[in-house]
Amino acid sequence: MARSTPEVNGGSLADIAFLLLIFFLVTTTMDIDTGITRLLPPEPEEDQETEVQVNKRNVLVVLLNRSDLLMVGGEVMDRLDLKEKTVEFFTNPMNSVDLPVMEDTEVQFPPGSSSLLPPDGMWRGQVSKGVISLQNDRSTTYGKYLQVQNELVAAVNTLRNDFCKLYFDKEYDALNTANPIEEEIQTGIRKIYKMNISESAPKNIGGRN
Amino acid sequence: MSKFRRKKGKGLQAINTSSLPDIVFMLLFFFMVATTMRETEVQVQVKVPEATEVKKLEKKSLVSYIYIGRPVAHVARMYGTEPLIQLNDKLVSEEGIPYESLQDFVLFEREKLPEADKNKMVMSLRIDENISMGKVDDVKQALKRAKALIINYSARKEYREQGRQR
């Protein structure tokens with residue numbers, strides 16, 4: 001019989017593992033990146049001078065001046081009232097003539113996905129033509145700008161979420177885009193509540209600098 | 001009585017530590033999986049604003065970072081305290097609008113992506129909340145020109161009570 005191999009001393013294994021552990025603790029981070037994703041409008045072509053005429057009632061001007069004061073549609077407003085105002089602007093509940101035109105639209109959803117839709121899955125309703133025009137001064141602080149941006153996004157998200165809950169009994173955020181049916185639902189809802197936020201080229205608002 | 005005395009006489013028994021490595025390895029693997037490598041040293045101070053509508057940034061490989069903030073102390077000694085732009089790990093030291101650097105940066109980063117993902121590139125803007133929008137607008141214009149249109153305003157999750165707070 002061969003000589004039995006002497007047992008390896010495993011006492012220092014813990015030390016080695018600790019060393020590795022501490023190395024990883026120091027060199028890695030745990031923070032997850034979060035943020036608001038937005039799409040920039042593409043740069044217009046050189047020769048293309050587009051001055052799109054938009055009906056005045058379809059535009060909500062959100063203005064942030066150099067002292068971080070907020071003006072919405074001609075009146076000074078607190079940031080926390082902006083969401084409500086935006087929701088009202090996009091839904092026009094009272095069919096007011098000062099708020100955007102609501103356009104009759106058909107949006108296709110997967111057939112049979114909701115009991116509130118006809119069997120062919122065609123949603124017929126009104127979609128707002130409203131556009132929010134966000135303008136800021138060069139001296140506006142970024143934090144304030146993002147807060148306003150956040151409120152606008154929040155308003156649209158709320159509308160989408162309410163619709164999704166009403167028709168599909170699910171949170172909008174919980175829709176799984178890997179699933180083709182749910183992706184179609186998401187695309188449909190996006191057509192009904194568009195993220196119509198336009199950012200004009202920066203300028204100096206309020207004269208003297 | 002004699003029972004107790006006998007135990008005392010033997011002294012403390014050594015704790016069996018043979019499973020200690022297993023425990024530590026388990027911890028090690030947890031940290032290896034749950035964390036990401038710190039890739040860049042951020043040379044500007046960035047305190048991103050808070051927002052309620054934040055979403056997690058998926059697919060880290062598609063993301064490039066643009067930092068804007070005032071330089072940290074040891075950098076400030078060289079470059080002064082005016083806000084600077086950092087692209088991934090490179091500090092842009094030039095004054096004014098770094099159109100050129102940004103354009104090159106976008107091209108360079110896009111080149112690194114596989115063909116199918118080239119138009120999915122995300123620019124994560126990690127900007128200090130006290131920076132004025134002028135600088136941010138310049139960067140946005142430059143990104144527009146470079147056709148890097150998907151941007152992500154980095155923000156921390158803000159938890160707000162139901163109803164409104166003043």
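Helix axes here are lines fitted to C-alpha atoms over the stretch in contact, and the angle between two of them runs from 0 to 180 degrees between N-to-C directions. With that in hand, let us walk through this structure, which is a predicted model.

A good place to start is chain B, with helix α4 (residues 99-112) and helix α5 (residues 133-145). The axes of α4(B) and α5(B) come within 9 Å and cross at roughly 45°. An angle from 35 up to 65 degrees falls outside both the roughly parallel and the roughly perpendicular ranges, and α4(B) and α5(B) are therefore oblique to each other. Their crossing is right-handed. On the α4(B) side, the contact is made by Tyr99(B), Leu102(B), Gln103(B) and Val106(B), while α5(B) brings Val139(B), Ala142(B), Leu143(B) and Arg145(B). Sorted by class, the residues of this contact are 6 nonpolar, 1 polar and 1 charged.

Now compare a helix pair that joins the two chains. Helix α1 (residues 13-27) of chain A and helix α2 (residues 20-34) of chain B have axes that come within 9 Å and cross at roughly 15°. Since angles under 35 degrees count as roughly parallel, that is the description that fits α1(A) and α2(B). Here the crossing is left-handed. From α1(A), the residues taking part are Leu13(A), Ala14(A), Ala17(A), Phe18(A), Leu20(A), Leu21(A), Phe24(A) and Leu25(A); they meet Leu20(B), Pro21(B), Val24(B), Phe25(B), Leu27(B), Leu28(B), Phe31(B) and Met32(B) of α2(B). This contact has 16 nonpolar residues, with no polar and no charged ones. If you look at the spacing along such a list, a general point helps: an α-helix has 3.6 residues a turn, so residues three or four places apart point the same way.

Stepping back to the whole interface, 42 residues of chain A are in contact with 47 residues of chain B. On the chain A side, the elements giving two or more residues are α1, β1 (28-29), β2 (34-39) and α3. The largest share, 10 residues, comes from α3(A). By class, the chain A side divides into 21 nonpolar, 16 polar and 5 charged residues.

Strands bridge the two chains as well. β1(A) is joined by 2 bridges to strand β1 (residues 36-37) of chain B, and the two run antiparallel; Thr29(A) stands opposite Thr36(B). β2(A) pairs with strand β4 (residues 55-56) of chain B through 2 bridges, again antiparallel, with Thr34(A) opposite Lys56(B). β2(A) is also antiparallel to strand β9 (residues 150-154) of chain B, to which 5 bridges join it, and there Ile36(A) stands opposite Tyr153(B).

Let us return to α3(A), which covers residues 142-168. At 1.5 Å a residue, its 27 residues should span 39 Å, and the end C-alpha atoms are 37 Å apart, which agrees. Just after α3(A), Asp169(A) takes a positive phi of about 55°.

Finally, chain A holds an open sheet of 5 strands in the order β5-β4-β3-β8-β9, with mixed pairing. β5 (75-76) and β9 (197-199) are the edge strands, each pairing on one side only. At the β9(A) edge, 3 bridges join it to strand β8 (residues 131-136) of chain A, and this pair runs parallel. Ser133(A) stands opposite Ser198(A) there.

Conventions. Residues numbered from 1 in each chain as written. Chains lettered and ligands numbered in written order. Predicted model: local features only at pLDDT ≥ 70, side-chain atom pairs only at ≥ 80, totals over all residues. Helix = DSSP H or I, 4+ residues; strand = E, 2+ residues; numbered from the N terminus. Parallel < 35°, antiparallel > 145°, perpendicular 65-115°, else oblique. Left-handed = near helix turned anticlockwise from the far one by under 90°. Contact = placed C-beta atoms within 7 Å. Nonpolar A, V, L, I, M, F, W, Y, C, P; charged D, E, K, R; others polar. Expected span 1.5 Å × (residues − 1). Pairing = 2+ DSSP bridges.
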